[in-house]
Amino acid sequence: MTKPVVLIAEELSPATIDALGPDFDIRQIDGTDRTALLAALGDAQAVLIRSATRIDAEAIGAAPQLKVVARAGVGLDNVDIKSATTAGVMVVNAPTSNIISAAELTIGHILSLARHIPSAHASLAAGQWKRSAYTGAELFEKTVGIIGLGRIGALIAERLRAFGVRVVGYDPYVTPARAQQLQVELLSFEDVLRQSDFVTVHMPKTPETTGMISTEQLALMKPSAFVINVARGGLIDEEALHTALTTGVIAGAGLDVFTSEPPAPDSTATRLLDLPNVVVTPHLGASTDEAQEKAGVSVARSVKLALEGDLVPDAVNVAGGIIDPFVRPGIALVEKLGQFFTGLAHAAVTSLDIEVRGELAAYDVSVYRLAALKGILTNVVSENVSYVNAPLFAEARGIETRLIVEAESPLYRNLTVLRGTLSDGTVLTIAGTLAGTRMVPKVVGINGYEIEVPFEQYHIVMRYADRPGIVAIYGQRLGDAGINIAGLQVAHPDASGRALSVLTVDSPVPDEMLTELHAAVQADMFRQIEITES
């Protein structure tokens, strides 16, 4: 019997080979040699890569038997996930392989800044003995602020406790109960910046978090404070940081990541490298022997599971298990409902009911719970969220979930409702369905308001006291700004006299205009929501 071909396109640890075992025809190739890679993919059922090999639409097209692409690491920038999904190719990575390494590097940056270790080393290596020039500070009884309390943030908090520091944190999706478990004092974003002696950022990079620490935020920090970024380049505005470091707004910075890597010769990042109050490393967050070995072994196990037809713990584009064809179209709908839910939520969700009503009640719809959590958490956590790991992230955040299935559905053939309780006690409800023979995913209810809005990339949801002229207010201002309203639904006022409008716009509305529109409409709820494709 012919063994399945597993292609190893980059150097991986011997433990990776051992984890695959004897049941595969293991071949090694240089993935950076494009011609050789494309030829070798011809009969491969799995390919294992790191960051140098590019698996794009061309590579997937050259691999008719390919079942799984395994990235021995966290990032997937070099894998065309959309093309892989279209071709039915599973994509797996090792999302937890580097979390300890990243947490430890963060602690290293904090200590290096506190005690001037790199500068002192360079001075002594140059033959100088300047003890007084490098007087530092103890961490003991200082305040360390963690922006983002996911897995890495939680590990940092755990390690910092040994230093006797006060740990404060900001994460809009972490409940007070979870923060108490981590022994972290939850504060507002601004108060974390004001009170901390060290601020370390561990957020996912999204349109909302890019540049989240810029001139205004740096100005809130103490002149003696330090900021550290071992997460994603671009979370800190590099130009604003350079200005703050050269004018004494803050004392220093520790950077492992940059907007572009390696930094271009004439870039702001390169100018940051020259500053004496900056400690830099060349994106070493995952660069430990242990992390690399964990990553290789993890994806090797996933490849074995995938080729054996079993559930894959770290699949990023496949739910896993057997899903009935009647159930499958609703997966994307439920995931989008989850994203919409997060966009509307003003506080962390503590419990979530996923109600499935109609003909779907006769089928196994357990995957909808996974899809809902994936949608809710996609833009919340820094790791890649999959249908399999979403429940783990939800559990870590103290989110309780229930799947409720009912055959009764008076208005729609099938209806899915996400009903969540937020940390302040309020309840948020989003309902959706697949409409017509084309099964177009639509939002059909928000907090009891009946609407019918097809999902698009950008939506604006507002609730306000019903009165004449509201549509003219935002219509005129968006038109003047060159932002096209592609769709508009206005729900009838509720018992309090408040109406709800959902706008579909062709492009995102700038924050300044959102603030202006919010005030002009006098809305008590005003949100811009971006729906991303998996």
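Rings of Phe, Tyr and Trp, the last represented by its six-membered ring, are taken to pair if their centres lie within 6.5 Å. In the predicted model described here, a search of the whole structure on this basis yields four aromatic pairs. One of these is formed by Tyr-170 and Phe-189, whose ring centres are 5.4 Å apart; the planes meet at 40°, so the pair is classed as tilted, given that the tilted class lies between stacked, under 30 degrees, and edge-to-face, over 60. This pair links distant parts of the chain, with Tyr-170 in strand S7 (residues 166–170) and Phe-189 in helix H9 (residues 189–195), 19 residues apart. The two partners fall into separate accessibility classes: Tyr-170 is partly exposed at 23% relative accessibility, whereas Phe-189 is buried at 12%, the limit for burial being under 20%.

Phe-326 and Tyr-363 form another aromatic pair, with ring centres 4.9 Å apart and planes at 35°, so this pair is likewise tilted. Both residues lie in loops: Phe-326 in the one between helix H13 (289–307) and helix H14 (329–344), and Tyr-363 in the one between strand S13 (349–358) and helix H15 (366–377). The pair joins distant parts of the chain, its members being 37 residues apart. Phe-326 is partly exposed, with a relative accessible area of 28%, and Tyr-363 is also partly exposed, at 34% relative accessibility.

The nonpolar interior was examined next. The largest nonpolar core contains 47 residues, of which Phe-340, Phe-341, Tyr-368 and Ile-446 touch the most other members. When neighbours within four places in sequence are left aside, Phe-340 is in contact with Ile-430, Val-443, Ile-446, Phe-455, His-459, Val-461, Ile-529 and Ile-531. Another core, of 30 residues, lies apart from the largest one and has Leu-218, Ala-225, Leu-245 and Ile-250 among its members.

An open sheet of five strands is arranged in the order S2-S1-S3-S4-S5, with parallel pairing. Its edges are occupied by strand S2 (25–28) and strand S5 (90–92); each has a single partner strand, so one side of each lacks a neighbour in the sheet. On average, and with direction ignored, neighbouring strands of this sheet are turned by 15° against each other. Within the sheet, strand S3 (residues 46–49) and strand S4 (residues 68–71) run parallel and are joined by four bridges. Arg-71 in S4 is the bridge partner of Ile-49. Helix H13 lies across strand S1 (5–8), S3, S4 and S5, and runs at about 170° to S4.

The loop between S5 and helix H5 (99–115) contains Thr-96, which is partly exposed with a relative accessible area of 36%. The C-alpha atoms of Thr-96 and Lys-294 are 8.6 Å apart in space, although the two residues are separated by 198 residues in sequence.

At the level of the whole chain, the model has 18 helices and 22 strands. The radius of gyration is 25 Å, which agrees with the value near 24 Å that a compact globule of 534 residues would have. Along the principal axes, the C-alpha atoms fill a box of roughly 80 × 70 × 45 Å. Of the 534 residues, 50% count as buried. Among contacts between residues at least 6 apart in sequence, 65% join residues at least 24 apart.

Key:
Residues are numbered from 1 along each chain as its sequence is written. This is a predicted model: local features need pLDDT of at least 70, side-chain atom pairs count only at pLDDT 80 or more; totals for chains, interfaces and linings use all residues. Side-chain values use heavy atoms; hydrogens and water are left out. Helices (H or I, at least four residues) and strands (E, at least two) are DSSP runs, numbered from the N terminus. Buried means under 20% relative accessible area, exposed over 50%, partly exposed in between (1.4 Å probe, protein chains only). A nonpolar core is a set of buried Ala, Val, Leu, Ile, Met, Phe, Trp, Tyr and Cys residues joined through side-chain atoms within 4.5 Å. Contact means heavy atoms within 4.5 Å. Two strands pair if DSSP finds at least two bridges between them. Axes are lines fitted to C-alpha atoms, for helices over the stretch in contact, and angles run from 0 to 180 degrees between N-to-C directions. The radius of gyration is taken over C-alpha atoms; the globule rule is 2.2 Å times the number of residues to the power 0.38.
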